[in-house]
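Reader: Hi! I'm new to this one and would love a friendly walk through it. Could you put it up on the screen so we can chat about it?

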Amino acid sequence: MPVLRLKNTAQKGRVFPLESGERFFIGRDANIEVPIVDQGASRRHAEVYRVGEMYFVRDLGSKNGTYLNDEPVSEELLRSGDKIRIGQTLFIFEELIEEQLLPAFDQLEYEGEEGGDHDTDRLNTTAYFELTRPTRVDAGAYQRRLKTLYDLAAVLNADKAPTVLLNDMLTIAADAVDAGCVYIFIQSREGKLAPRAGFRRNPREKPKISRSIIRQVMREGKPLLLADASRDKDLAVEESVVAKRIRSVICVPLSAHATVNGVIYAASDGARPPFSADDLELTTAVGIQAGTAIDNILMRDRVRRAFLLGTRNIIAAIEKNDPAWEGHTVRVLGYTAALTQHMRLTHTERYRALLGAVLHDIGRLPFITPRHNNPAQTDPAMIDAEHPHIGVSILENIFELEPVLPAIEDHHEYLDGSGAPRGLKGEAIPRLARIVCVANDFDKAMVRGKVDPNDTHGVVAVLKRFNDESGKKYDQEAVAALIKAHRNSELFAPQDFFDFELAVD
């Protein structure tokens with residue numbers, strides 16, 4: 001959700017949402033949408049207004065001017081992170097994300113020196129409980145375990161992006177053992193261990209993590225429970241744990257194929273009782289499922305990524321034979337990757353959209369090789385009419401690519417029925433085709449208009465045209481996502497096509 005956030009004055013941190021209307025006035029008038037107390041501001045100094053998913057700031061003829069990123073402006077498109085200064089008042093235009101979904105890894109506080117093990121060596125091992133075999137549990141505890149594992153299986157079976165899936169999983173784990181925070185750490189091939197998903201019950205609390213505990217679990221591959229250290233007389237002077245107020249910790253390994261790839265680290269806070277052996281067993285069961293799931297996710301996405309990038313590079317190499325099409329597929333893939341991040345797509349649907357983008361013009365390739373010099377074969381109108389059918393004929397016998405064929409056949413169809421080759425209208429056009437159509441036509445508009453990605457006004461003009469055709473010619477959700485990607489500076493940024501923040505390597 002786009003917002004203006006105050007960065008100074010007595011109201012520092014106040015947020016003004018920008019989704020509820022079309023115009024938002026800023027100034028000293030107490031009855032407007034964004035009132036400020038600033039003698040350098042006019043009563044109605046400036047406004048933020050929206051055109052579709054694009055947001056603009058406009059000075060309203062103020063005496064002291066409106067500044068965007070320290071430059072005076074009369075009217076300008078806003079991008080995430082832009083600074084608006086009116087008098088001495090500073091706003092940040094940004095996307096507000098649900099705080100509890102943010103792992104906020106930069107706010108983690110670690111105890112112990114990175115790379116040292118002296119803290120673990122000094123810990124009193126009687127404060128740990130090693131899980132050797134499940135203990136007998138009463139009916140209530142059994143029902144709790146069964147429900148937790150059932151909920152976890154449902155989450156791990158969902159078709160979601162990996163970090164979303166893991167955060168959902170950690171929420172279940174945190175609720176099951178009443179933890180204040182839970183994090184997943186994953187180790188790279190180079191041995192670097194870093195957090196890749198997290199849950200905090202209190203978003204404002206700064207989590208405290210014991211490297212010593214994590215290193216011991218990684219080294220020994222055994223789940224550990226650190227009981228209430230503050231009540232253990234032998235640990236009362238243990239600076240590495242007690243001074244950080246790490247009251248109770250569970251740390252269990254994430255293993256697959258007999259290899260420890262990371263850990264689940266759960267900590268209680270002062271408001272909750274210390275963890276029990278039953279909590280340790282339950283978290284270990286979660287870790288067993290999570291370890292296998294993470295390994296499968298990474299393997300699947302590495303295979304998908306290799307196929308996607310390999311196909312992209314081959315097509316890009318062939319396109320170099322025709323200057324008019326050189327780089328087209330790479331750019332369309334990048335635009336599709338950017339905009340699909342802002343659409344309600346499952347993980348598999350997004351992958352299919354990316355495949356559709358990289359393969360959408362495969363039917364053109366026979367016409368842009370050097371040996372085709374026959375004018376009849378290179379007639380643009382003929383190629384435009386035939387390449388969707390040719391593309392489908394090339395791929396239709398590959399069973400795994402069957403769901404992608406509509407994006408190849410129908411990416412020139414428009415909602416109003418004016419497209420080709422079948423003249424489809426509205427919802428009759430497959431969703432993947434509507435997505436690729438937006439990315440494909442956006443690239444054509446940029447190239448034919450000779451618009452440089454760094455030319456803000458040129459890009460805005462193109463986006464405005466797409467916004468005008470949204471819901472008429474182009475899919476409304478896809479156009480809105482395209483504009484959001486530009487607003488967040490993602491549209492022209494290099495794209496990694498999967499949720500690879502899970503992988504450190």
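**Disulfides, sheet and core**

Author: Sure! This is a predicted model, and a search of the whole structure turns up zero disulfides.

Reader: Okay, and what is a disulfide again?

Author: A disulfide is a covalent bond between the sulfur atoms of two cysteines.

Reader: Thanks! Is Cys181 buried or exposed? And what about Cys251, buried or exposed?

Author: Cys181 is buried, with a relative accessible area of 8%. Cys251 is buried too, and its value is 0%.

Reader: Let's switch to the sheet. What is the order of its strands?

Author: The open sheet has five strands in the order β4-β3-β5-β6-β9, and the pairing is mixed. At the edges are β4 (34-35) and β9 (75-77); each has a single partner strand, so one side of each is left without a neighbour in the sheet.

Reader: Which helix packs on that sheet?

Author: That's α12 (residues 456-469), which touches β5, β6 and β9. The direction of α12 makes about 125° with that of β6.

Reader: And how do β5 and β6 pair?

Author: Strand β5 (residues 46-51) and strand β6 (residues 54-59) are antiparallel, with six bridges between them. As an example, Arg50 has Tyr55 in β6 as its bridge partner.

Reader: What about β3, which way does it run against β5 and against β4?

Author: With β5, strand β3 runs antiparallel, over four bridges; one pairing there puts Arg23 with Tyr49 in β5. With β4, strand β3 runs parallel and is joined by two bridges, and Gly27 stands opposite Pro35 in β4. Strand β3 (residues 23-27) is also mostly covered, as four of its five residues are buried.

Reader: Nice. New topic: which residues touch the most other members of the largest nonpolar core?

Author: That core has 52 residues, and Leu339, Leu355, Leu359, Val438, Phe442 and Phe466 touch the most other members. Helix α11 gives the most to this core, with seven residues.

Reader: What does Leu359 contact?

Author: Leaving aside neighbours within four places in sequence, Leu359 is in contact with Thr311, Ile315, Leu395, Leu401 and Ile408. Another core, of 31 residues, lies apart from the largest one and includes Ala173, Ala176, Leu280 and Ile294.

Reader: Back to α11, how many of its residues are buried?

Author: 15 of its 18 residues are buried, so α11 is largely enclosed by the rest of the structure.

Reader: And what span should α11 have?

Author: At 1.5 Å a residue, α11 (residues 431-448) should span 26 Å, and its end C-alpha atoms are 26 Å apart, which agrees. After α11 comes Lys450, with a positive phi near 50°.

Technical notes
Residues are numbered from 1 along each chain as its sequence is written. This is a predicted model: local features need pLDDT of at least 70, side-chain atom pairs count only at pLDDT 80 or more; totals for chains, interfaces and linings use all residues. Side-chain values use heavy atoms; hydrogens and water are left out. Two strands pair if DSSP finds at least two bridges between them. Contact means heavy atoms within 4.5 Å. Axes are lines fitted to C-alpha atoms, for helices over the stretch in contact, and angles run from 0 to 180 degrees between N-to-C directions. The expected span of a helix is 1.5 Å times one less than its number of residues. Buried means under 20% relative accessible area, exposed over 50%, partly exposed in between (1.4 Å probe, protein chains only). A disulfide is a pair of cysteine sulfur atoms within 2.5 Å. A nonpolar core is a set of buried Ala, Val, Leu, Ile, Met, Phe, Trp, Tyr and Cys residues joined through side-chain atoms within 4.5 Å.
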